[in-house]
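Please open the structure in a viewer and follow the selections below in order. Each stop names what to select and describes what is found there.

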Amino acid sequence: MRRGELTGILLAAARGADIPVGDGEPPKEGGWPTGTPNVGSHVPFGVLEAGAAQGISRTVTAQANKDFSANYTLSTYAVRRDTCDELSYRIREALKGITPVEFTGFKAVHVSFSSIGAIRKQGQVQPDLWWMTDSFDVYCVPVR
């Protein structure tokens, strides 16, 4: 399975929610514009990270292609709790809306959020920074 291709599809969908979303790291257009907390206006952002992808066999023959469940996390950051929660919701809805979608040799048929993260506050900088991390799986089947 071409995991990178699936990740690219997910990133495009997440960015379609009109929020900067980074690929495993904060996007350049998100956060504090100068890189210094409380200088300028904070731009809320998300970070998509790929986790493990596990093969799932539906047959007993060793030659058969496997289905895959690909795990991802989505973290969202904002200076207000309600903004963080709302942006996470918008990105989740955008991600759930991509299926079914085909990519090289596979079809992503379902996006399932296994956990919606707790919203936490980082009080080391002013104003406070809120963040949450959701976990989700993308169920993929071989195109036959």
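Select Arg3, Leu6, Thr7, Leu10, Leu11, Ala13 and Ala14 in α1; in this predicted model, these residues are buried. They lie on the same side of α1, because the arc they cover around the axis is only 165°. Next, add Gly4 and Ala12, which are exposed on the other side of α1. Displaying the whole helix, residues 3-15, gives 13 residues that reach 18 Å from the first C-alpha to the last. That span is close to the 18 Å expected at 1.5 Å a residue.

From the helix, proceed to the largest nonpolar core, which has 25 residues. Which of its members touch the most other members? They are Leu6, Leu10, Tyr72, Ile91, Leu95, Phe136 and Val138. At least two residues of this core come from each of α1, β3 (67-78), α2 (81-96), β5 (106-115) and β7 (129-142). The largest share, five residues, is supplied by α1. As general background, nonpolar side chains in soluble globular proteins tend to be buried together.

Now centre the view on Tyr72. Setting aside neighbours within four places in sequence, Tyr72 is in contact with residues including Arg3, Leu6, Thr7 and Leu10. Its contacts also include Leu48, Glu49, Ala50 and Gly51, as well as Asp134, Ser135, Phe136 and Val138.

Select Asp23 next, in strand β1 (residues 21-23). Is Asp23 buried, partly exposed or exposed? Asp23 counts as partly exposed, because its relative accessibility is 48% and this class lies between 20% and 50%. Beyond its neighbours within four places in sequence, Asp23 is in contact with Thr7, Leu11, Arg15 and Leu48. A C-alpha to C-alpha distance drawn from Asp23 to Gly46 gives 9.0 Å, for two residues 23 apart in sequence.

Move on to the strands. Strand β4 (residues 101-103) pairs with β5 in the antiparallel sense over three bridges. Select Val101 to find Ala108 of β5 opposite. Two residues lie between the strands in the hairpin of β4 and β5, where Gly105 takes a positive phi near 80°. On following β5 to β7, one finds that these strands run antiparallel and are joined by eight bridges. Phe106 has Pro142 in β7 as its bridge partner.

Finally, select the cysteines Cys84 and Cys140. Cys84 counts as buried at 0% relative accessibility, and Cys140 is buried with a relative accessible area of 0%. How many disulfides does the structure hold? The number is zero.

Methods
Residues numbered from 1 in each chain as written. Predicted model: local features only at pLDDT ≥ 70, side-chain atom pairs only at ≥ 80, totals over all residues. Heavy atoms only, no water. Helix = DSSP H or I, 4+ residues; strand = E, 2+ residues; numbered from the N terminus. Expected span 1.5 Å × (residues − 1). Buried < 20%, exposed > 50% of the residue type's maximum accessible area, 1.4 Å probe, protein only. Arc of directions from axis to C-beta. Disulfide = S-S within 2.5 Å. Contact = heavy atoms within 4.5 Å. Core = buried A, V, L, I, M, F, W, Y, C linked by side-chain atoms within 4.5 Å. Pairing = 2+ DSSP bridges.
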